[in-house]
Amino acid sequence: MDTLYTFLKEREDQLLQTLKALVELESPSREKRLTDKTGKFIADTFRELTGGSTSVIPNQTYGNHIKGEWGSGEEQILVLAHFDTVWPKGELERMPFRIEAGKAYGPGIFDMKGGLVQGIYALHALTQLQRSVKSRVVFLFNSDEELGSPTSRQLIEDEAKKSKFVLVLEPAMSEKGALKTARKGVGMFNLEVTGKPTHSGIDPEKGKSAIQEMAEQISYLHGLTNYDKGTTINVGRVKGGTTRNVVAAHADAEIDLRVTTLQEYRRVSPLIESIKPHMKGTSLSITGGMNRPPLERTDQVVHMFKKAQTIAKEKLNYQLIEKATGGGSDGNFTAPFTPTLDGLGAVGDGAHAKHEHLIISEMPIRSALVALLIEELSQ
(Lines give C-alpha, C1' and ligand atoms only; values in the text may rest on other atoms or scores of the structure.)
Protein backbone atom coordinates (compact mmCIF):
# COMPACT_ATOMS: atom_id res chain seq x y z
CA MET A 1 0.00 0.00 0.00
CA ASP A 2 1.24 3.49 -0.82
CA THR A 3 2.39 5.72 2.04
CA LEU A 4 -0.35 8.22 1.13
CA TYR A 5 -2.94 5.63 2.10
CA THR A 6 -1.06 4.73 5.30
CA PHE A 7 -0.90 8.41 6.24
CA LEU A 8 -4.63 8.88 5.67
CA LYS A 9 -5.66 5.60 7.30
CA GLU A 10 -3.85 6.67 10.46
CA ARG A 11 -5.94 9.86 10.37
CA GLU A 12 -9.30 8.24 9.66
CA ASP A 13 -10.73 9.59 12.92
CA GLN A 14 -9.58 13.09 11.95
CA LEU A 15 -11.32 12.81 8.57
CA LEU A 16 -14.45 11.66 10.35
CA GLN A 17 -14.37 14.55 12.83
CA THR A 18 -13.99 17.08 10.02
CA LEU A 19 -16.86 15.40 8.19
CA LYS A 20 -19.04 15.51 11.30
CA ALA A 21 -18.39 19.24 11.72
CA LEU A 22 -19.25 19.86 8.07
CA VAL A 23 -22.45 17.78 8.11
CA GLU A 24 -23.61 19.57 11.25
CA LEU A 25 -23.34 22.87 9.38
CA GLU A 26 -26.61 22.74 7.46
CA SER A 27 -26.36 24.20 3.97
CA PRO A 28 -29.65 24.17 2.04
CA SER A 29 -29.11 25.67 -1.41
CA ARG A 30 -31.48 28.59 -0.88
CA GLU A 31 -30.38 29.52 2.65
CA LYS A 32 -27.60 32.02 1.97
CA ARG A 33 -26.77 32.70 5.61
CA LEU A 34 -26.26 29.01 6.32
CA THR A 35 -24.34 28.24 3.14
CA ASP A 36 -22.07 31.24 3.69
CA LYS A 37 -21.27 29.95 7.18
CA THR A 38 -20.49 26.54 5.71
CA GLY A 39 -18.35 28.09 2.99
CA LYS A 40 -16.28 29.93 5.61
CA PHE A 41 -15.68 26.67 7.48
CA ILE A 42 -14.53 25.01 4.25
CA ALA A 43 -12.18 27.89 3.41
CA ASP A 44 -10.67 27.86 6.90
CA THR A 45 -10.26 24.07 6.80
CA PHE A 46 -8.68 24.16 3.34
CA ARG A 47 -6.05 26.71 4.39
CA GLU A 48 -5.32 24.96 7.66
CA LEU A 49 -4.89 21.47 6.21
CA THR A 50 -3.28 22.22 2.85
CA GLY A 51 -1.34 25.44 3.37
CA GLY A 52 -3.02 26.73 0.23
CA SER A 53 -4.91 29.97 -0.26
CA THR A 54 -8.62 30.66 -0.63
CA SER A 55 -10.73 33.43 -2.06
CA VAL A 56 -14.42 34.17 -1.66
CA ILE A 57 -16.44 34.66 -4.84
CA PRO A 58 -19.41 36.79 -3.76
CA ASN A 59 -22.88 35.67 -4.71
CA GLN A 60 -25.89 37.89 -4.08
CA THR A 61 -28.50 35.19 -4.71
CA TYR A 62 -27.17 32.04 -3.05
CA GLY A 63 -24.15 31.22 -0.90
CA ASN A 64 -20.76 32.63 -1.79
CA HIS A 65 -18.52 30.26 -3.74
CA ILE A 66 -15.05 29.38 -2.47
CA LYS A 67 -11.94 28.97 -4.62
CA GLY A 68 -8.97 27.13 -3.15
CA GLU A 69 -5.53 27.20 -4.76
CA TRP A 70 -2.68 24.83 -3.95
CA GLY A 71 0.75 24.08 -5.34
CA SER A 72 2.44 25.56 -8.37
CA GLY A 73 3.18 24.79 -11.99
CA GLU A 74 2.46 25.99 -15.48
CA GLU A 75 -0.49 23.60 -15.86
CA GLN A 76 -3.65 23.36 -13.78
CA ILE A 77 -5.79 20.51 -12.47
CA LEU A 78 -9.33 21.45 -11.47
CA VAL A 79 -11.13 19.71 -8.60
CA LEU A 80 -14.88 20.27 -8.16
CA ALA A 81 -17.09 19.89 -5.11
CA HIS A 82 -20.35 21.48 -3.99
CA PHE A 83 -21.38 22.10 -0.40
CA ASP A 84 -25.08 22.86 -0.80
CA THR A 85 -27.60 20.11 -0.10
CA VAL A 86 -31.22 19.34 -0.92
CA TRP A 87 -32.09 19.05 2.77
CA PRO A 88 -34.12 21.90 4.36
CA LYS A 89 -33.09 23.81 7.44
CA GLY A 90 -33.92 21.77 10.54
CA GLU A 91 -33.49 18.36 8.89
CA LEU A 92 -30.40 17.76 11.01
CA GLU A 93 -32.66 17.44 14.06
CA ARG A 94 -34.64 14.69 12.34
CA MET A 95 -31.65 12.82 10.90
CA PRO A 96 -28.60 13.81 12.98
CA PHE A 97 -25.05 12.74 12.22
CA ARG A 98 -24.58 9.23 13.56
CA ILE A 99 -22.31 6.23 13.14
CA GLU A 100 -23.76 2.76 12.86
CA ALA A 101 -22.17 -0.50 11.69
CA GLY A 102 -19.21 1.23 10.04
CA LYS A 103 -21.38 3.76 8.23
CA ALA A 104 -21.80 7.48 8.88
CA TYR A 105 -25.24 9.00 8.34
CA GLY A 106 -26.46 12.57 7.98
CA PRO A 107 -27.97 15.08 5.54
CA GLY A 108 -25.63 15.70 2.61
CA ILE A 109 -22.98 13.29 3.87
CA PHE A 110 -22.95 11.20 0.68
CA ASP A 111 -23.93 13.95 -1.74
CA MET A 112 -21.37 15.32 -1.34
CA LYS A 113 -19.75 16.48 1.87
CA GLY A 114 -17.87 13.20 2.23
CA GLY A 115 -16.15 13.64 -1.12
CA LEU A 116 -15.36 17.26 -0.31
CA VAL A 117 -13.59 16.29 2.92
CA GLN A 118 -11.72 13.46 1.19
CA GLY A 119 -10.52 15.93 -1.46
CA ILE A 120 -9.13 18.38 1.09
CA TYR A 121 -7.37 15.58 2.95
CA ALA A 122 -5.87 14.34 -0.33
CA LEU A 123 -4.08 17.68 -0.65
CA HIS A 124 -3.25 17.57 3.06
CA ALA A 125 -1.50 14.21 2.61
CA LEU A 126 0.39 15.38 -0.48
CA THR A 127 1.55 18.43 1.48
CA GLN A 128 2.61 16.61 4.63
CA LEU A 129 4.44 13.87 2.75
CA GLN A 130 6.06 16.40 0.40
CA ARG A 131 5.05 14.44 -2.68
CA SER A 132 6.03 15.70 -6.12
CA VAL A 133 3.10 17.46 -7.78
CA LYS A 134 4.08 19.49 -10.83
CA SER A 135 0.76 21.19 -11.55
CA ARG A 136 -1.14 23.70 -9.48
CA VAL A 137 -4.52 22.58 -8.21
CA VAL A 138 -7.61 24.78 -8.22
CA PHE A 139 -10.36 23.49 -5.94
CA LEU A 140 -13.78 25.03 -6.55
CA PHE A 141 -16.42 24.68 -3.85
CA ASN A 142 -19.78 25.90 -5.18
CA SER A 143 -22.97 26.61 -3.30
CA ASP A 144 -25.74 26.02 -5.85
CA GLU A 145 -25.10 22.72 -7.64
CA GLU A 146 -28.35 21.19 -6.44
CA LEU A 147 -30.20 24.03 -8.20
CA GLY A 148 -28.37 23.41 -11.48
CA SER A 149 -25.37 25.67 -10.71
CA PRO A 150 -27.08 28.84 -12.03
CA THR A 151 -24.53 31.25 -10.52
CA SER A 152 -21.46 28.99 -10.60
CA ARG A 153 -21.64 27.50 -14.10
CA GLN A 154 -19.67 30.29 -15.78
CA LEU A 155 -17.02 30.14 -13.08
CA ILE A 156 -16.72 26.36 -13.50
CA GLU A 157 -16.49 26.56 -17.29
CA ASP A 158 -13.89 29.35 -17.16
CA GLU A 159 -11.64 27.32 -14.84
CA ALA A 160 -12.15 24.17 -16.94
CA LYS A 161 -10.82 26.00 -19.99
CA LYS A 162 -7.59 26.70 -18.06
CA SER A 163 -7.18 23.11 -16.88
CA LYS A 164 -5.69 19.98 -18.41
CA PHE A 165 -7.81 17.63 -16.29
CA VAL A 166 -10.93 17.88 -14.12
CA LEU A 167 -11.67 15.65 -11.12
CA VAL A 168 -15.21 15.68 -9.73
CA LEU A 169 -15.78 14.61 -6.12
CA GLU A 170 -19.41 13.64 -6.56
CA PRO A 171 -20.22 10.33 -4.83
CA ALA A 172 -19.34 7.02 -6.41
CA MET A 173 -22.04 4.83 -7.91
CA SER A 174 -23.52 3.39 -4.69
CA GLU A 175 -21.56 1.00 -2.48
CA LYS A 176 -19.77 -0.56 -5.47
CA GLY A 177 -17.56 2.53 -5.59
CA ALA A 178 -17.68 2.89 -9.37
CA LEU A 179 -16.31 5.99 -11.04
CA LYS A 180 -18.55 7.79 -13.51
CA THR A 181 -17.12 7.96 -16.99
CA ALA A 182 -20.32 9.11 -18.68
CA ARG A 183 -23.27 11.24 -17.67
CA LYS A 184 -26.31 12.03 -19.76
CA GLY A 185 -26.95 15.55 -20.92
CA VAL A 186 -30.09 17.20 -19.61
CA GLY A 187 -32.63 19.22 -21.58
CA MET A 188 -35.39 21.10 -19.77
CA PHE A 189 -38.47 22.36 -21.64
CA ASN A 190 -41.79 23.96 -20.76
CA LEU A 191 -44.84 23.46 -22.96
CA GLU A 192 -47.90 25.71 -22.77
CA VAL A 193 -51.15 24.91 -24.58
CA THR A 194 -53.91 27.45 -25.15
CA GLY A 195 -57.42 26.28 -26.02
CA LYS A 196 -60.91 27.79 -26.00
CA PRO A 197 -63.09 27.56 -22.87
CA THR A 198 -66.80 26.81 -22.95
CA HIS A 199 -69.39 25.23 -20.65
CA SER A 200 -68.83 21.49 -20.82
CA GLY A 201 -72.56 20.73 -20.50
CA ILE A 202 -74.30 23.45 -22.55
CA ASP A 203 -72.03 23.90 -25.60
CA PRO A 204 -68.97 21.67 -25.35
CA GLU A 205 -68.65 21.49 -29.14
CA LYS A 206 -67.70 25.17 -29.24
CA GLY A 207 -64.72 24.61 -26.96
CA LYS A 208 -61.18 23.47 -27.66
CA SER A 209 -59.70 21.58 -24.72
CA ALA A 210 -56.12 22.49 -23.89
CA ILE A 211 -55.96 19.34 -21.78
CA GLN A 212 -56.98 17.13 -24.70
CA GLU A 213 -54.34 18.80 -26.86
CA MET A 214 -51.77 18.34 -24.10
CA ALA A 215 -52.61 14.63 -23.93
CA GLU A 216 -51.83 14.32 -27.63
CA GLN A 217 -48.54 16.14 -27.14
CA ILE A 218 -47.56 13.95 -24.19
CA SER A 219 -48.12 10.84 -26.29
CA TYR A 220 -45.95 12.31 -29.05
CA LEU A 221 -43.17 13.40 -26.69
CA HIS A 222 -42.96 10.09 -24.86
CA GLY A 223 -42.87 8.38 -28.25
CA LEU A 224 -39.52 10.08 -28.93
CA THR A 225 -37.86 7.97 -26.23
CA ASN A 226 -35.28 5.60 -27.69
CA TYR A 227 -33.74 3.27 -25.13
CA ASP A 228 -31.28 1.84 -27.66
CA LYS A 229 -29.75 5.30 -28.05
CA GLY A 230 -30.08 6.07 -24.33
CA THR A 231 -32.54 8.89 -25.06
CA THR A 232 -35.44 9.41 -22.70
CA ILE A 233 -38.18 12.02 -22.57
CA ASN A 234 -40.37 12.41 -19.53
CA VAL A 235 -43.29 14.79 -19.03
CA GLY A 236 -42.90 15.06 -15.30
CA ARG A 237 -45.45 17.69 -14.29
CA VAL A 238 -48.74 18.68 -15.94
CA LYS A 239 -51.24 21.34 -14.88
CA GLY A 240 -54.37 22.54 -16.63
CA GLY A 241 -57.96 23.64 -16.55
CA THR A 242 -59.95 25.61 -14.00
CA THR A 243 -62.86 23.44 -12.89
CA ARG A 244 -64.71 20.23 -13.74
CA ASN A 245 -67.44 21.73 -15.94
CA VAL A 246 -65.31 24.06 -18.09
CA VAL A 247 -63.52 22.96 -21.25
CA ALA A 248 -59.89 23.72 -20.35
CA ALA A 249 -58.50 26.96 -21.76
CA HIS A 250 -54.94 26.35 -20.66
CA ALA A 251 -52.50 23.57 -19.79
CA ASP A 252 -48.76 23.50 -19.19
CA ALA A 253 -46.15 20.81 -18.71
CA GLU A 254 -42.52 20.41 -17.70
CA ILE A 255 -40.43 18.12 -19.89
CA ASP A 256 -37.17 16.36 -19.08
CA LEU A 257 -34.86 15.17 -21.87
CA ARG A 258 -31.81 12.95 -21.29
CA VAL A 259 -29.26 12.13 -24.01
CA THR A 260 -25.89 10.39 -24.08
CA THR A 261 -24.25 12.57 -26.74
CA LEU A 262 -24.41 16.13 -27.96
CA GLN A 263 -25.10 14.77 -31.44
CA GLU A 264 -28.21 13.03 -30.14
CA TYR A 265 -29.37 16.22 -28.43
CA ARG A 266 -29.05 18.07 -31.75
CA ARG A 267 -31.20 15.40 -33.38
CA VAL A 268 -33.94 15.27 -30.76
CA SER A 269 -34.29 18.87 -29.59
CA PRO A 270 -35.68 20.14 -32.94
CA LEU A 271 -38.33 17.42 -32.75
CA ILE A 272 -39.45 18.94 -29.47
CA GLU A 273 -39.06 22.59 -30.41
CA SER A 274 -40.99 22.27 -33.68
CA ILE A 275 -44.11 20.52 -32.38
CA LYS A 276 -47.43 21.59 -33.91
CA PRO A 277 -50.99 21.43 -32.56
CA HIS A 278 -53.07 18.35 -33.30
CA MET A 279 -56.37 20.20 -32.87
CA LYS A 280 -57.42 23.23 -34.85
CA GLY A 281 -58.17 26.16 -32.60
CA THR A 282 -55.39 25.39 -30.11
CA SER A 283 -51.93 26.94 -29.98
CA LEU A 284 -48.62 25.88 -28.46
CA SER A 285 -45.65 27.64 -26.94
CA ILE A 286 -42.48 25.74 -26.04
CA THR A 287 -39.44 27.18 -24.30
CA GLY A 288 -36.24 25.85 -22.79
CA GLY A 289 -33.23 23.93 -24.02
CA MET A 290 -30.11 22.18 -22.79
CA ASN A 291 -29.39 22.62 -19.10
CA ARG A 292 -26.31 20.39 -18.94
CA PRO A 293 -24.34 19.00 -21.89
CA PRO A 294 -23.47 15.29 -21.73
CA LEU A 295 -20.25 14.04 -20.19
CA GLU A 296 -19.28 11.66 -22.97
CA ARG A 297 -17.02 8.65 -22.54
CA THR A 298 -14.27 9.86 -24.83
CA ASP A 299 -10.85 8.29 -25.33
CA GLN A 300 -9.39 10.93 -22.99
CA VAL A 301 -11.91 10.08 -20.26
CA VAL A 302 -11.13 6.39 -20.67
CA HIS A 303 -7.41 7.23 -20.41
CA MET A 304 -8.04 9.01 -17.08
CA PHE A 305 -10.10 6.11 -15.79
CA LYS A 306 -7.45 3.56 -16.76
CA LYS A 307 -4.86 5.59 -14.84
CA ALA A 308 -7.12 5.63 -11.80
CA GLN A 309 -7.81 1.92 -12.15
CA THR A 310 -4.10 1.09 -12.36
CA ILE A 311 -3.31 3.30 -9.36
CA ALA A 312 -6.08 1.64 -7.36
CA LYS A 313 -4.87 -1.86 -8.19
CA GLU A 314 -1.13 -1.36 -7.84
CA LYS A 315 -0.93 1.13 -4.98
CA LEU A 316 -4.13 0.63 -3.00
CA ASN A 317 -4.98 -3.03 -3.64
CA TYR A 318 -8.39 -1.81 -4.76
CA GLN A 319 -10.55 -2.94 -7.67
CA LEU A 320 -12.03 0.06 -9.44
CA ILE A 321 -14.87 -0.13 -11.95
CA GLU A 322 -16.67 2.40 -14.12
CA LYS A 323 -20.34 3.15 -14.73
CA ALA A 324 -22.51 5.53 -16.72
CA THR A 325 -25.37 7.45 -15.13
CA GLY A 326 -28.38 9.42 -16.26
CA GLY A 327 -27.91 12.05 -13.57
CA GLY A 328 -26.05 15.31 -14.08
CA SER A 329 -23.26 17.06 -12.18
CA ASP A 330 -20.91 19.99 -12.61
CA GLY A 331 -18.74 17.56 -14.56
CA ASN A 332 -21.24 17.94 -17.40
CA PHE A 333 -20.19 21.59 -17.69
CA THR A 334 -16.46 20.87 -17.84
CA ALA A 335 -16.61 17.86 -20.16
CA PRO A 336 -16.93 19.84 -23.44
CA PHE A 337 -13.70 21.70 -22.61
CA THR A 338 -11.48 19.34 -20.60
CA PRO A 339 -11.19 15.58 -19.93
CA THR A 340 -13.33 14.97 -16.84
CA LEU A 341 -13.47 12.04 -14.43
CA ASP A 342 -16.44 11.94 -12.04
CA GLY A 343 -17.58 9.92 -9.04
CA LEU A 344 -14.29 10.19 -7.13
CA GLY A 345 -16.04 11.05 -3.87
CA ALA A 346 -17.62 9.04 -1.08
CA VAL A 347 -18.61 5.39 -1.28
CA GLY A 348 -22.05 4.80 0.17
CA ASP A 349 -25.67 5.17 -0.85
CA GLY A 350 -28.88 7.13 -0.40
CA ALA A 351 -28.28 10.49 -2.07
CA HIS A 352 -31.27 12.76 -1.30
CA ALA A 353 -32.81 9.95 0.79
CA LYS A 354 -33.38 9.36 4.49
CA HIS A 355 -30.81 6.54 4.56
CA GLU A 356 -28.05 8.71 3.06
CA HIS A 357 -24.69 7.40 4.29
CA LEU A 358 -21.07 6.69 3.48
CA ILE A 359 -18.77 3.81 4.40
CA ILE A 360 -16.18 5.11 6.83
CA SER A 361 -13.41 2.64 5.94
CA GLU A 362 -13.56 3.79 2.32
CA MET A 363 -12.73 7.40 3.20
CA PRO A 364 -8.93 7.07 3.43
CA ILE A 365 -8.84 4.82 0.35
CA ARG A 366 -10.78 7.28 -1.81
CA SER A 367 -8.83 10.23 -0.43
CA ALA A 368 -5.58 8.45 -1.28
CA LEU A 369 -6.90 7.66 -4.76
CA VAL A 370 -7.56 11.36 -5.41
CA ALA A 371 -4.10 12.28 -4.08
CA LEU A 372 -2.35 9.66 -6.20
CA LEU A 373 -4.36 10.64 -9.28
CA ILE A 374 -3.41 14.31 -8.85
CA GLU A 375 0.21 13.28 -8.47
CA GLU A 376 0.11 11.09 -11.56
CA LEU A 377 -1.81 13.51 -13.79
CA SER A 378 0.51 16.37 -12.88
CA GLN A 379 3.61 14.68 -14.28
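Which side chain makes a polar contact with the side chain of aspartate 84? In this predicted model, the partner is histidine 82, and the two side chains sit 3.0 Å apart in that contact. The close-ups below start from there.

**View 1. Two annotated residues at one spot.** The unreviewed UniProt entry puts its "active site" feature at Asp84 and Glu145. The pair spans 62 residues in sequence, but their C-alpha atoms are no more than 6.8 Å apart, so the two gather at one spot. Glu145 is the one included in the lining of the largest pocket.

**View 2. Aspartate 84 in its loop.** Look for aspartate 84 in the loop that runs between strand E3 (76-82) and helix H4 (91-94). With a relative accessible area of 0%, aspartate 84 counts as buried because that value is under 20%. Setting aside neighbours within four places in sequence, its contacts take in Ser27 and Ser29, plus a run made up of Asn142, Ser143, Asp144, Glu145, Glu146 and Leu147. The polar contact with the side chain of histidine 82 belongs in this frame too.

**View 3. Glutamate 145 and its surroundings.** Glutamate 145 also comes from a loop, here the one between strand E6 (136-142) and helix H6 (153-161). This residue is buried as well, at a relative accessible area of 5%. Leaving out neighbours within four places in sequence, glutamate 145 touches His82 and Asp84, then Glu170 and Arg292, and finally Gly328, Ser329 and Asp330.

**View 4. Inside the largest pocket.** This pocket has a volume of about 460 Å³. Its lining counts 23 residues, and those closest to the centre are Glu145, Glu146, Gly327, Gly328 and His352. Several elements each supply at least two lining residues: helix H5 (109-128), strand E8 (179-183), strand E9 (185-194) and strand E12 (283-292). By class, the lining is a mix of eight nonpolar, seven polar and eight charged residues.

**View 5. Over to the second largest pocket.** Here the space comes to about 190 Å³. Thirteen residues line this pocket, with Pro294, Glu296, Thr298, Ala335 and Pro336 lying nearest its centre. The class split is eight nonpolar, four polar and one charged.

Note on methods
Residues numbered from 1 in each chain as written. Predicted model: local features only at pLDDT ≥ 70, side-chain atom pairs only at ≥ 80, totals over all residues. Heavy atoms only, no water. UniProt positions renumbered as here; feature names shortened; annotations may be inferred. 1 Å grid on protein atoms, 1.4 Å probe; cavity = no way out; pocket = protein on both sides within 12 Å on 5 of 7 lines; lining within 4 Å. Helix = DSSP H or I, 4+ residues; strand = E, 2+ residues; numbered from the N terminus. Buried < 20%, exposed > 50% of the residue type's maximum accessible area, 1.4 Å probe, protein only. Contact = heavy atoms within 4.5 Å. Polar contact = N/O pair within 3.5 Å; in protein donor to acceptor, adjacent residues only side chain to side chain. Points joined across faces, edges and corners; volume = space filled by probe spheres on them. Nonpolar A, V, L, I, M, F, W, Y, C, P; charged D, E, K, R; others polar.
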